[in-house]
Amino acid sequence: MTDNKKQPLLYMEEYRTKQDPQDYGLADEVFNMDVFKSKLQVVIVRNDEEHGLEFDLIGVYPAIANAFRRLMLSEVPSMAIEKVYIYNNTSIIQDEVLAHRMGLLPLRADPRLFAYRTEESTEQGTEQDTLEYELKVKCTRRKDANKDQSNFDDIYKNHKVYSGHLKWLPKGKQAQIYSENSVNCIHEDILIAQLRPGHELDLRLIAVKGIGKDHAKFSPVATAYYRLLPQINLTRDVTGKDAYLLQSCFSPGVIGIDENECAYVKDARYDSCSRNVYRYPHLADAVTMARVRDHYIFNVESVGALKPEVIFLEAVRVLKKKCRSFIDEIESE
Amino acid sequence: MVEVKKDDAGVDNTWEPGDSKEWAKPIKPLQEKWKLVPAFLQVKGLVKQHIDSFNHFINVDIKKIVRANEIVTSGADPLFYLKYLDVRVGKPDIDDGFNITKATTPHECRLRDTTYSAPISVDIEYTRGTQRIKRNNLLIGRMPLMLRCSNCVLTGKSEFELSKLNECPLDPGGYFVVRGQEKVILIQEQLSWNKMLTEDFNGVVQCQVTSSTHEKKSRTLVLSKHGKYYLKHNSMTDDIPIVVIFKALGVVSDQEIMAHIGLDARSQNRFGASLLEAFNLKVFTQQRALDYMGSKLVVKRFQSATTKSPSEEARELLLTTILAHVPVDNFNFQMKAIYVSLMVRRVMAAELDKTLFDDRDYYGNKRLELAGSLISLMFEDLFKRMNWELKMIADKNIPKVKAAQFDVVKHMRAAQITVGLESAISSGNWTIKRFKMERAGVTQVLSRLSYISALGMMTRVNSQFEKTRKVSGPRSLQPSQWGMLCPSDTPEGEACGLVKNLALMTHITTEVDERPVMTLAYNAGVEDIREVSGNPINNPHVFLVFINGNVLGLTINQRHLVHNLRYMRRKGRMGSFVSIHTSYTQRCIFIHTDGGRLCRPYIIVEKSRPLVLQRHLDELLRGVRKFDDFLHDGLIEYLDVNEENDSFIAWNEEYIEPHTTHLEIEPFTLLGVCAGLVPYPHHNQSPRNTYQCAMGKQAMGMIGYNQKNRIDSLMYNLVYPQAPMVKSRTIELTNFDKLPAGQNATVAVMSYSGYDIEDALILNKASIDRGYGRCLVYKNSKCTVKRYANQTFDRIMGPVKDALTNKVIFKHDVLDTDGIVAPGEQVQNKQIMINKEMPAVTSINPLEGQSQVPYTAVPISYKGPEPSYIERVMVSANAEEDFLIKILLRQTRIPEIGDKFSSRHGQKGVTGLIVDQEDMPFNDFGICPDMIMNPHGFPSRMTVGKTLELLGGKAGVLEGKFHYGTAFGGSKAVDVQAELVRHGFNYMGKDFFYSGITGGPLEAYIYSGPVYYQKLKHMVQDKMHARARGPKAVLTRQPTQGRSREGGLRLGEMERDCLISYGASMLIMERLMISSDAFEVDVCRTCGRLAYCSWCHFCQSSAHVSKISMPYACKLLFQELTSMNVVPKLILENY
């Protein structure tokens, strides 16, 4: 970590946050590209399937960090089912609700390989901008089932419709470009509907490319957010029982206790900033809690179609494109 | 088995008196005591009172009624008689025409618009000519059946069987299905009958009794006027001096009268004037007294054929009408005399001591009338009318000489009783001439907006008071309604405090026979009052014993008697709903066995120890003990309001003191069903709970497991309903968690954007996209295809094709080939759903030669700004054997700006703004709220329960469990906070948030977490309305009124005033005339009258006729005035 003094801090008091009195924020800073470049740092902390991507964006204004967050949520495109042609639906689920559920299924298709649908494109779409699926399920009674069996799995066939039942219908030359695995639903076990013998679903589904601003189903991330790096300072020695009490006030691993039974700050990064120290008046004065104002810890949890790092890069690309068109607008004036 | 347990309970009391250490030891609270509540509800249920009372009627009462009116005779033939031997109500069935009946189910009746009813059949014996004939199973009418009554097909069915019958297993029943509509007979609250009530009526002290027997209902008053006492009754024009009444009742000597009143000097002094009055009237004998009364009789309008002398009539009156409930055998009026003397003494006592006035609003003085007793009144009336009509027919027909002998059975028609009962229930008008009873609104359509609204309706109590009267007494919360009626659940506005709801554990008694209790009481030491003279009655040590308002006898040892009687009740020697209580001020012991009393179970406490022990509760948990066993073993007993008032009831174990007699089972049961949904209601300001009670009934959610099979005229369902994160015991007991109405929304309490002022809510668009607040609205539209008397019938035609394009025209686009819409189609405004045609002439027979009957189109078309989908089409036959076509229409609605939401704390708000997810604030964990609520909603509302719900919900989410917000209990805030801390959250529930717009951190920590929100039925889509041009009313030519008629928006008087004061005269002119009903009229300048076609009919000239424009309504007024011989004249001037 760099020197504390240089970092702009936001103090977390018991009932409110407070800026450092020396910190004037962005009030009279003039944007300077060189300064910006020198300050800017991106550190990838973690990137795994389970937690998604965690990386640090250091030395930027909140507006920039926020722009990436917003773009990832709502302007990075992804593919989702947009139209549902219902040929038959004798199940108890209503057509509209069924269609809504289908829309929310996450698809594995890479949106970068597709184009947006344009105004003039037909209802059916082309192989460049449309993926087509079908869902044909019919629930029947299992003939081999015993009379005394009561488990639905044993007596009925297809009584639960899962996203795995979705079948991709390649359009044009799509079959040569994509494989079944590259366009299907990401999870096979999403329950779509429950059927009973005689119920039948026969749907044709049209997936298109879209952005999260239009509908949340097009958002490529489960969530993307950032938080400011927490900083905890102990202003005096806390020892003995109090040290353990202090430790319990923070997330595990934040406060360490050395051999002298004296508490020290081990790593404030993963503190949940619960401010529960302030419950104990005798400890409250021993701690200052703060956030580093220009250190953003990003968390990107992808839905699965794109890798989180790709989503971030896509967001950067979207921003770039927006800037470009903005500059063009200004220059054309 | 029960016997053994009974002994157990006795032995188990190991506490020994005199052990002082034991005294000091605090009583251990019973664990899981609340489990008694579900055990109670299992046997009694929430609507059990309705079902019990109806069962009592169809199994017991109906037989009594028939037996009381069993013989019909005729004056024309002394040999003729018709005798009812037995009566039965059968199993529900449906008449499918040609006298074929088939068993039916409630759901079939709902769908087919028929009545769920069962035949009432009688066994009769009658004479035809000289023959005596017996007929069995003769149908005299059909009885609408209450769902889940003893004769209903649903009773005793398992969940699976119920689902086979298309019935929701959680549906409580207790209502009727009449002509396809679900009808509830509301519980009616009344002043207790057969009970003396002393009160001050405009300065006059009076004691009144409303006597009620099967035959008569009458009101008798004893009042004091100018120091003298009188008896007042409807049937007499004047107040009768009380001494005259005594003499008429056979208590002739003044000495004897005084003995009844009391022989002490003070009573004698105060009664002297009354005695003197009788002396002045020269009434000395019984005959004279009857003569005097006879002279004061109200002249009857219909004089009966046999004329009696006035004195005889007076005696008849005393016998049957005045104080009708007091028994008189063999013209011995002694009991009535005693009763009257008691009334006089009540008045005399109240004159001296104002505290002795009775309180009308006291719940011990109230009785609740249930479906059973109301229907029994109606049935008795109809049955009597049928018999009377049979008698009339017999009188008329027997003297006639005919080929066939007179046979009454041929004249017994079932329709009268059937239609009478059916129309009474379906209209709610209870008119019984015999009792001069005329009540409207007794029944209501069961509200199926949500499960809770249906359940809440079943527990509703309607008061007989006028709603317009501005009295606070009957409306205010009565301390005696504690535990019986919910203190929160009452509507706001005019019916406030008059419409109430039963609490969770309330039971309403049904009548039990009083004779065994009387025998028991005599055996326990009550002495018959007829065997003592007046003197002992007035002895201050003697207590009178009343049973159901009648004097039973007296006792010296009051304490002993009450104790013994209660002991016998606890041991099961008399019904558990018999109540015994003492009034020390009146020196009376009252025993009640009548129906309609409110009562409630309590744990019995003896010697400061509750009799229910942990052992018993463990047995309950294991299932070896049921609630009834607690009653059998005398561990728990029912107390009605009067007896409750006579007991010392501890609210929990801590408060048990030496004199405590009972222990509350669970405090939360004092709330009703609706108030039970509120988490932490004891932390809320009380009106907020009341508001929630009203709003919970408008919440969308699930109605029942059979909601998909129903075709209701209006039904709101939530697509993804959720059980609340913070539950309460009541929620579990009422199965609200199985049929929920709402969703848990993550709420951030903060301000946002300014679109959240005045309780408006901010919604997250992503949440809506993912299905939050999505609802389904079902409507139906139906029609019948009839056959007419003239051999014509309605027909349904297929879709019409356009001649040019050969395409089906737009209006018929959704029609199937049979002329009815196809399921799954989307119907737009003005499209036709059923292409029905009706013959132009339906009454007269068409001409023979005319082969073609002209038809007019009467299509059923869809109306609405938004299209709907056809969910289902049903074709069936209704009770009149016409075709019945029902179409179920469905709309899916997504929350939009203006839709109404509410939490469970009376905090309602409309959506003010829908915000994209990226603009919503988010916290350190990446959580962004579904909903933002403005914190200004809290300080003035003081809904602390909501903040606790949020905290509990948040901890519950983290822990993966439900928290409880049960009234007077629930998860403690400290424990909830400990859970939050354990998961690394701030103990106050406040999180660090970032603005979604600027990206910077917010200065304040935001209180956030899940709160259960209900979507209410008020949605903008149903309310939005605007009009530029549109239809006009025919008469006035002004724009129509109301949204449904696409009406205009009225520029009212106040708006007009504004325009006048502003001086915008031309705007007024435009709004009020040009845009409304401008009309050109001709006016004659000479006579000032309206002219027509430039011709003044009065002047017979067209010389001075001018055209002016005026509102059509004005012209109409002139014409109407003219027709009334008032001539309005217009004087025109240049302008």
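Residues 545-606 of chain B are 21% helix and 45% strand, with 25 Å between the C-alpha atoms at the two ends. That makes a handy place to start in this model, which is a predicted one. A second stretch of chain B, residues 627-659, comes to 30% helix and 21% strand, and its end C-alpha atoms are 26 Å apart. Both stretches appear in the UniProt record, where an unreviewed entry places the feature "domain: RNA polymerase Rpb2" at residues 186-369, 444-508, 545-606, 627-659 and 1047-1132 of chain B.

**Strands of chain B**

Let us look at strand E24 of chain B, residues 550-555. Five of its six residues are buried, so E24(B) is largely enclosed by the rest of the structure. Strand E22(B), residues 527-528, pairs with E24(B) in the antiparallel sense over two bridges. Strand E23(B), residues 543-547, also runs antiparallel to E24(B), here over five bridges. Gly553(B) is a useful residue to click on: in E24(B), Gly553(B) is the bridge partner of Asp528(B), and Gly553(B) is also the bridge partner of Val545(B).

E23(B) and E24(B) form a hairpin with two residues between the strands, and Asn548(B) takes a positive phi near 50° there. Further along, strands E25(B), residues 579-583, and E26(B), residues 588-592, pair in the antiparallel sense over five bridges. Within that pair, His581(B) has Phe590(B) of E26(B) as its bridge partner. E25(B) and E26(B) make a hairpin too, with four residues between them, and Arg587(B) in the turn has a positive phi of about 50°.

The strand pairings of chain B described here can be set side by side:

| Strand pair | Sense | Bridges | A bridged residue pair |
|---|---|---|---|
| E22(B) and E24(B) | antiparallel | two | Asp528(B) and Gly553(B) |
| E23(B) and E24(B) | antiparallel | five | Val545(B) and Gly553(B) |
| E25(B) and E26(B) | antiparallel | five | His581(B) and Phe590(B) |

**A helix of chain B**

Now for helix H8 of chain B, which covers residues 254-261. Which of its residues are buried? They include Ile257(B), Met258(B), His260(B) and Ile261(B). These residues cover an arc of only 155° around the axis, which means they sit on the same side of H8(B). After H8(B) comes Gly262(B), whose phi is positive, near 130°.

**Chain A as a whole**

Chain A contains nine helices and 16 strands. Its C-alpha trace spans about 75 × 70 × 35 Å along the principal axes. The radius of gyration of chain A is 27 Å, whereas a compact globule of 333 residues would have one near 20 Å. Of the 333 residues in chain A, 38% are buried. Among contacts in chain A with a separation of 6 or more, 72% are between residues 24 or more positions apart.

**Where the two chains meet**

The contact between the chains takes 34 residues from chain A and 29 residues from chain B. On the side of chain A that touches chain B, the elements giving two or more residues are helix H2 (62-74), helix H3 (95-103), strand E13 (221-234) and strand E16 (287-302) of chain A. Which element gives the largest share of that side? H2(A) does, with seven residues. Sorted by class, the side of chain A that touches chain B has 12 nonpolar, 12 polar and 10 charged residues.

Note on methods: Residues numbered from 1 in each chain as written. Chains lettered and ligands numbered in written order. Predicted model: local features only at pLDDT ≥ 70, side-chain atom pairs only at ≥ 80, totals over all residues. Buried ≥ 20, exposed ≤ 12 C-beta atoms within 10 Å, placed from the backbone. Pairing = 2+ DSSP bridges. Rg over C-alpha atoms; globule rule 2.2 N^0.38 Å. Contact = placed C-beta atoms within 7 Å. UniProt positions renumbered as here; feature names shortened; annotations may be inferred. Arc of directions from axis to C-beta. Nonpolar A, V, L, I, M, F, W, Y, C, P; charged D, E, K, R; others polar.
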